[in-house]
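Me: I would like to go through this model with you and ask how each label was earned. Could you set the values against the definitions for me?

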Amino acid sequence: MHHLYMADGTINPKLFNKKIIIYGCGNDGKKLFLQLKELGTCAAYFCDSNDKFCGKRLYGVSILSCTQLSDYTDYNLALAFHQYPQVLGKIPEKMKQNTFADFLFQHEGKRKCILCGQEDCTYDKAHFAPFLTERMFLGKKQATRLIHCRNCGLYYSDYRPAEHEIARLYDCYRNEMYVEQRKKYEPEYFNEKFSKEQYCKERKESIIKFIAPYVNFEAIKTVLDYGGDKGQYIPNEFCHADKYVYDISGNQTIEGVTLLRTVDDSKRVKWDFILCMHLLEHLSEPLKTIENLIELLHDNSYLYVELPKQDYMHQYSDVEINEHINFFRESTMRKIGEMFNLKILDVKTENVGLIRVLYQKSKG
Ligand SMILES: [Zn+2]
């Protein structure tokens, strides 16, 4: 089997060495047909595992059934859909050596998952969003793929941005110039909701609703919002606690919240409750940050994590990676609990596209 697409997103030139059959009459198949056409090549046939298509035509090209493939084993076969392993059994053995697929299992040797360390990953096509290309890579096209770890469920960008690239991305994050630059590529991007009081209030209330059944707020004497911007999202219920934020942005914190500028500073306090919200999806080394967080917990401390849940990667064959380079699942959050001996008090995926988890550090 061969890659259908190269790392830079172009079609594998080897596909053009023979006449081409496109397997799959769905959207991906049509897309591929038109893509080939644009390159001056007309596919010879379509093929589909659904026999109702057999004998019909698509774009004037005949549709074969799977059983007919055995008459065409000297053609190249391009699998134009996502879950291609399901049909591998239908392809004649002889034809597999000239089969091209969008992504490959256990591709190019084994690779360890950046989070759980297991070597059970699949690969998918992906590219960085134009805004990221300009801001992070100064306009130079950086190839990447989407990796999916089947052990912990994490999806992540294969290319891990270097420290200086991340710094470029978050320099003056969401200030006027940043928003201006981003709107050029994403006109729908607004800064508004990040300053709106109502948004802030709702976010805090939703956190409380989730954690209240498990937490006695009076007993919480120290709270840290790790990566928490100005501390504006620390819920008001923590009124018996000293409130801190660890954040590298250097933003002035809101009244009543103390800013910690280094991880070492945050190690000097014994934390009862730590929040980590919408941070891990941005980081090149999420494991390192999780380890830092774990180190800050003592027996019975709580750790509340909030992350976006993004499902769109299942819907497209070429995923656009925006400022999030890691995509977590509930299964990933459970695995983190297992890895670090944290008790999961609650974990929930909400239909607004959020995952919430409340961990507690177990004794011993
Ligand atoms: Zn993993």
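Reply: Happy to; what follows is a set of questions and answers on this predicted model.

Me: Let's begin with confidence. What makes you trust the chain as a whole, and where is the pLDDT below 50?

Reply: The chain averages a pLDDT of 88, and 91% of the residues score at least 70. The stretch with pLDDT below 50 is residues 104-109, which has 6 contacts in the model beyond near neighbours in sequence. Where pLDDT is low, the predicted coordinates should not be read in detail.

Me: What is the overall make-up of the chain?

Reply: There are 8 helices and 19 strands. The C-alpha atoms fill a box of roughly 75 × 45 × 35 Å along the principal axes. Of the 364 residues, 31% count as buried. The domain assignment gives domain 1 (2-101) and domain 2 (208-361), and the centres of domain 1 and domain 2 are 45 Å apart, taken over C-alpha atoms.

Me: Why is strand 9 called largely enclosed?

Reply: A residue is buried if 20 or more other C-beta atoms lie within 10 Å of its own. In strand 9 (residues 143-149), 6 of the 7 residues are buried, so the strand is largely enclosed by the rest of the structure.

Me: How do you know which strands pair with strand 9?

Reply: Pairing asks for at least two bridges between two strands. Strand 8 (residues 121-128) shares 7 bridges with strand 9, in the antiparallel sense, and Cys 121 has Cys 149 of strand 9 as its bridge partner. Strand 10 (residues 155-157) is joined to strand 9 by 3 bridges, again antiparallel, with Ile 147 standing opposite Tyr 156 of strand 10. Both counts, 7 and 3, satisfy the requirement of at least two. Strand 9 and strand 10 also form a hairpin with 5 residues between them, and Gly 153 in its turn has a positive phi of about 85°.

Me: What makes strand 16 and strand 17 the edges of their sheet?

Reply: The open sheet holds 5 strands in the order 16-8-9-10-17, with mixed pairing. Strand 16 (318-321) and strand 17 (326-327) each have a single partner strand, so one side of each is left without a neighbour in the sheet. For strand 16, 4 bridges link it to strand 8 in the parallel sense, including the one between Phe 128 and Ile 321.

Me: Which strands are the edges in the 7-stranded open sheet?

Reply: The order there is 13-12-11-14-15-19-18, and the pairing is mixed. Strand 13 (257-260) and strand 18 are the edge strands, as each pairs on one side only. The twist averages 20° from one strand to the next. Within this sheet, strand 14 (residues 271-277) and strand 15 (residues 297-308) run parallel and are joined by 6 bridges, with Leu 275 and Tyr 304 as bridge partners.

Me: Which helices lie across strand 15, strand 18 and strand 19?

Reply: Helix 5 (residues 197-211) does, running at about 50° to strand 19 (354-361). Helix 8 lies across those strands too, running at about 170° to strand 18.

Me: Why is Leu 138 called exposed?

Reply: The cut-off for exposed is 12 or fewer C-beta neighbours within 10 Å. Leu 138 has 9 inside that distance, so it counts as exposed. Leu 138 sits in the loop between helix 2 (130-137) and strand 9, and has a positive phi, near 50°, although it is not a glycine.

Me: And what makes Asn 341 exposed?

Reply: Asn 341 has 12 C-beta neighbours inside 10 Å, and therefore counts as exposed, since the definition accepts 12 or fewer. Its place is the loop between helix 8 (330-339) and strand 18 (342-350). Asn 341 is likewise a non-glycine residue with a positive phi, near 55°.

Me: Last one: which residues have the most contacts inside the largest nonpolar core?

Reply: That core has 53 residues, and those with the most contacts inside it are Leu 154, Tyr 226, Ile 274, Cys 276, Leu 303 and Tyr 304. Leaving aside residues up to four places away in sequence, Tyr 226 touches several residues, among them Tyr 246, Leu 279 and Leu 293. A second, separate core has 22 residues, including Leu 15, Ala 43, Leu 79 and Phe 100.

Note on methods:
Residues numbered from 1 in each chain as written. Predicted model: local features only at pLDDT ≥ 70, side-chain atom pairs only at ≥ 80, totals over all residues. Helix = DSSP H or I, 4+ residues; strand = E, 2+ residues; numbered from the N terminus. Domains from an automatic or database assignment. pLDDT = per-residue confidence, 0-100. Contact = placed C-beta atoms within 7 Å. Core = buried A, V, L, I, M, F, W, Y, C linked by C-beta atoms within 7 Å. Axes fitted to C-alpha atoms, helices over the stretch in contact; angles between N-to-C directions.
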